[in-house]
Amino acid sequence: MAASLATALVAFDSTASIATLPGIGVELDADFTAQQWVVVAHVLPLAVLLLVAGALVDRVGRRRAFCAGVVLFVSGSVSGSVAAGAAGALPMLIAARGGQGVGSALLLSAAAALVAQEFPGEDRGAVLGTAAATGLALGLVAGNVLAEVDWRLVFLAVLPTGTMLLAVGTVRLRDVRPSAAPPLDRFGFAAFGTCATLLVLGLMRGESLGWTSTSVLVMFAGAALSLVVFLLAERARGDKAAVRLALFGNRAFFALCLAALLTGAIGLAGVFLSVLHLRNTLGHSPAETALRLLPLALALVTTAAATRRLGGRFPPAVVVGTPVLLVTGGAGLLALAGPGSSWLALTPGTALLGTGMGLGFPLRDALAARAAEPPEAGAAARVTGMSHHLGVVLGVAALGALYQYRVVEAVTHGAPGSPQDREAGRAVAAGTTDGLPTSVTDIIRDVSATSLTFVMLVCTVVGALGSAIAFAHIRRRDLREFSAPCDGRSARQDTSSSIRPYKG
């Protein structure tokens with residue numbers, strides 16, 4: 001199915017791109033922050049645009065939005081690979097990744113609308129969630145296998161699938177438009193985009209500019225101000241807002257969004273730092289890294305496939321809280337990996353991360369739709385999807401920045417006496433350690449492992465609090481259950497006659 005394949009393709013990029021970072025660091029002389037941008041530049045516009053992409057899809061039609069998304073996604077990925085051989089390659093690569101993120105937002109929104117035509121409400125999230133989990137798993141393994149040959153192949157790998165999707169979208173998909181497209185909340189989108197961008201800039205520039213520098217403090221203040229403006233604007237727009245704040249009056253919906261954010265942040269941060277630890281610190285090749293990540297990939301796929309229809313068999317608090325608890329446990333196990341540990345010490349933690357993410361994906365959107373009134377089910381699913389992708393951004397940006405800070409501080413205090421100490425620390429964090437003095441290279445494994453441990457401990461504490469909130473805030477009476485399938489031959493939404501109160 002085109003929608004499932006498109007969802008898997010976008011998810012594939014989220015983990016496959018991480019496999020390119022060590023090669024980008026060495027060949028393009030990219031520091032740790034630049035490597036973060038390779039991932040964040042794709043996911044940040046994806047998260048922000050999801051707020052309005054649904055309205056855009058309804059305005060231009062599902063087929064046109066799907067095809068446009070495919071073109072932007074594939075051209076951004078291929079352009080990034082081609083740009084890597086040109087002068088000024090790194091900025092061009094990051095810009096291409098941003099364009100790819102725009103395409104991903106259109107592609108995911110169109111895919112969600114297409115799935116809504118064919119599947120009953122209870123199954124929609126399961127179909128797309130299983131596809132996303134499969135894409136993440138393939139990205140982990142295939143991305144590293146391709147990087148063994150050349151990291152540019154990771155970006156080129158989407159070309160065959162993208163070409164096929166474009167052909168299917170052009171020839172087979174029906175261009176269904178609703179009779180009345182929802183309003184486009186341009187101001188809300190701009191305010192939220194400004195907030196997210198300034199926050200990420202502050203987090204990722206803090207190490208180089210100084211966390212208390214005027215520039216970084218202005219970025220954080222601007223992000224806070226933009227958030228206030230966004231909330232006030234959304235409250236004033238009411239039902240026409242991109243994010244209906246009234247949704248968060250439902251405790252279950254708030255807990256769902258928090259769970260999606262934390263699962264994305266902890267899960268992808270764990271994957272991001274584990275891959276860099278295997279490649280840069282332990283010295284494994286990309287192919288060896290792919291083998292070491294097989295337990296994580298298998299856990300993702302098998303758990304997602306097994307849990308597609310578990311939503312109605314367990315209390316909703318268990319369904320939502322357990323994925324957060326599992327990724328938290330995975331982070332806790334990763335924190336146990338010490339300087340003398342081999343790759344085997346990472347395996348239990350990464351496998352538990354995969355189990356938690358695989359459990360959460362298939363059930364998230366369906367539960368979000370059940371936490372909202374029928375006319376708002378689609379908006380609720382988009383907000384939880386945005387929460388997940390925003391979590392990925394924060395996980396890579398914030399937790400990555402924390403990791404870099406700890407490495408730089410450890411190197412600075414562990415190899416004193418050189419004016420280049422902090423620069424050496426940044427090189428250690430980025431994995432570009434050739435030419436560093438012996439006083440630094442002798443402590444690389446120690447500082448990298450202890451920094452990873454510290455970040456994972458932070459994830460464990462935050463995740464434990466988040467899972468407690470999820471378990472406590474989701475009540476059966478706050479959720480509804482789909483009971484009638486949506487007509488597969490039309491684009492009509494579920495109505496109040498197609499739901500009944502959730503009875504557990």
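1. In this predicted model, arginine 406 lies over the face of phenylalanine 454, with a distance of 4.0 Å from the ring centre. A second arrangement of this kind involves arginine 292, whose charged end sits over the ring of tryptophan 343 at 4.5 Å from its centre.

2. As to the overall make-up, the protein chain has 19 helices and two strands, and buried residues account for 57% of its 504 residues. Among the contacts in the protein chain with a separation of 6 or more, 81% are between residues that stand 24 or more positions apart.

3. The largest nonpolar core holds 140 residues, and the members that touch the most other members are Ile24, Phe66 and Met456. Helix 3, which covers residues 32-60, gives the most to this core, namely 18 residues. For phenylalanine 66, once residues up to four places away in sequence are set aside, the residues touched are Ala2, Ala6, Leu107, Ala110, Leu114, Leu165, Gly169 and Leu173.

4. The count of aromatic pairs comes to five. One of them is formed by phenylalanine 32 and tyrosine 403, a tilted pair with 5.8 Å from centre to centre and 40° between the planes. This pair links distant parts of the chain, since phenylalanine 32 belongs to helix 3 and tyrosine 403 to helix 16 (residues 377-414), 371 residues apart. Why does phenylalanine 32 count as buried? The relative accessible area of phenylalanine 32 is 1%, and buried means under 20%. Tyrosine 403 likewise counts as buried, because its relative accessibility is 5%. Phe32 and Tyr403 also form one aromatic cluster together with Phe272.

5. Another tilted aromatic pair is made by phenylalanine 192 and phenylalanine 230, with 5.3 Å from centre to centre and 50° between the planes. Here too the pair links distant parts of the chain, with phenylalanine 192 in helix 9 (residues 186-209) and phenylalanine 230 in helix 10 (residues 214-237), 38 residues apart. Both phenylalanine 192 and phenylalanine 230 are buried.

6. Phenylalanine 192 appears again in the second largest pocket, in which about 490 Å³ of space lies. The lining of this pocket comprises 21 residues, of which Phe192, Leu227, Leu261, Met386 and Leu390 are the closest to its centre. Which helices each supply at least two residues of the lining of the second largest pocket? They are helix 9, helix 10, helix 11 (251-281) and helix 16.

7. Helix 16 also contains histidine 389. Is histidine 389 buried or exposed? Histidine 389 is buried, because its relative accessible area is 12%, and the cut-off for buried is under 20%. Leaving aside neighbours within four places in sequence, histidine 389 is in contact with Val43, Leu46, Ala47, Leu50 and Leu108.

8. Turning to enclosed space, the count comes to three cavities of 30 Å³ or more, and the largest cavity has a volume of about 160 Å³. Of the 16 residues that line the largest cavity, Ala259, Ala260, Thr263, Gly360 and Arg364 are the closest to its centre. Two or more lining residues come from each of helix 11, helix 14 (316-334) and helix 15 (347-370). Helix 15 gives the most to this lining, with seven residues.

Key. Residues numbered from 1 in each chain as written. Predicted model: local features only at pLDDT ≥ 70, side-chain atom pairs only at ≥ 80, totals over all residues. Heavy atoms only, no water. Core = buried A, V, L, I, M, F, W, Y, C linked by side-chain atoms within 4.5 Å. Buried < 20%, exposed > 50% of the residue type's maximum accessible area, 1.4 Å probe, protein only. Helix = DSSP H or I, 4+ residues; strand = E, 2+ residues; numbered from the N terminus. Contact = heavy atoms within 4.5 Å. Phe/Tyr/Trp six-rings, centres within 6.5 Å; stacked < 30°, edge-to-face > 60°. Lys NZ or Arg CZ within 6 Å of the ring centre and 35° of its normal. 1 Å grid on protein atoms, 1.4 Å probe; cavity = no way out; pocket = protein on both sides within 12 Å on 5 of 7 lines; lining within 4 Å. Points joined across faces, edges and corners; volume = space filled by probe spheres on them.
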